[in-house]
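Trainee: Can we go through the backbone oddities in this one? I'd like to start with a loop.

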Amino acid sequence: MTTHSLASLHHQYSFLKRLSNSESIPLPPSSLFLHPSPSSSSSSTTTTTSSTTTTFSLSPTTSSSTPTTSNPISFDTLKHHLSTQNFFQADEETRRLLIVLAGEAAQKRRYVFFSEVQFISEADLKAIDELWKQYSNNKFGYSVQKRLWQKANKDFTKFFIKVGWMKKLDTEIEQYNYRAFPNEFTWEINDETPEGHLPLTNALRGTQLLNSILSHPAFEGEEDEKEAEVKGSLRDNGPKPLSSLFPKPDYSF
């Protein structure tokens, strides 16, 4: 019993001696603490155990609020195809530009909904139209098509026949059908090329897309000549005042 007591006292004496010699209890491994990542763009915290290491990324608060700017649209490829009279490739490039300008959803599905045309800016549509008119001597372009569409009283069947998108069938009754793409369309300018023939807009699924393009604010200034003449005629020959319906009294004797 006495022997055990002496051993216990000796053990306590040794422990107090270590404390008196400023020998502190060893600290836990430094890897158990959180250290900032040396990365400048974001900070991270790492927790290490004997078996796994887990890293937590902490993004700066300013990164999510920074707006992303998209690259400006280039019309150089369209200009090149038109300037070299490669109207087939110019038509393909025009279709590609419309998809890009319509937004991310159109780019993913690879075609444009009529409701997405409103997202295309006036400046971009006008730029496309001006290039088509410039290199076709004003024979092609959306504004040319709008003028012809208005002349047809916005009747798409009459418009399609006018611009050569439909062909007359060899039947006893006058009938028309859509031309087959691309072989039955005209990809050059000559005396027989219909005005407004290009650029093409697929109307097999309906005319809403073409309607949205031709009705876009970019072409609001394109007024039908016939409509303008009618308006001018109404101004000149408008309703006359009631006094003109009665002969003026003659007070001469």
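Mentor: Start with N138, which lies in the loop between α5 (122-134) and α6 (142-151). Helices here are DSSP runs of H or I with at least four residues, strands are runs of E with at least two, and both are numbered from the N terminus. The model is predicted, so local features need pLDDT of at least 70 and side-chain atom pairs count only at pLDDT 80 or more, while totals for chains, interfaces and linings use all residues. Residues are numbered from 1 along each chain as its sequence is written, and side-chain values use heavy atoms, with hydrogens and water left out.

Trainee: What is phi of N138 near?

Mentor: Phi of N138 is near 65°, a positive value in a residue other than glycine. Most residues other than glycine have a negative phi.

Trainee: Is N138 buried or exposed?

Mentor: N138 counts as partly exposed, at 48% relative accessibility. Buried is under 20% relative accessible area, exposed is over 50%, and partly exposed is in between, with a 1.4 Å probe and protein chains only.

Trainee: And where is Q85?

Mentor: Q85 is in the loop between α2 (76-83) and α3 (87-102). Its phi is positive too, near 60°, and Q85 is not a glycine. Q85 has 41% relative accessibility, so it counts as partly exposed.

Trainee: Change of topic. Which residues does a cis peptide bond join?

Mentor: L198 and P199 are joined by one, with omega about 0°. The bond from F181 to P182 is also cis, omega near 0°. Most peptide bonds are trans.

Trainee: Where is P182?

Mentor: P182 sits in the loop between β4 (176-178) and α8 (208-214). P199 is also found in the loop between β4 and α8.
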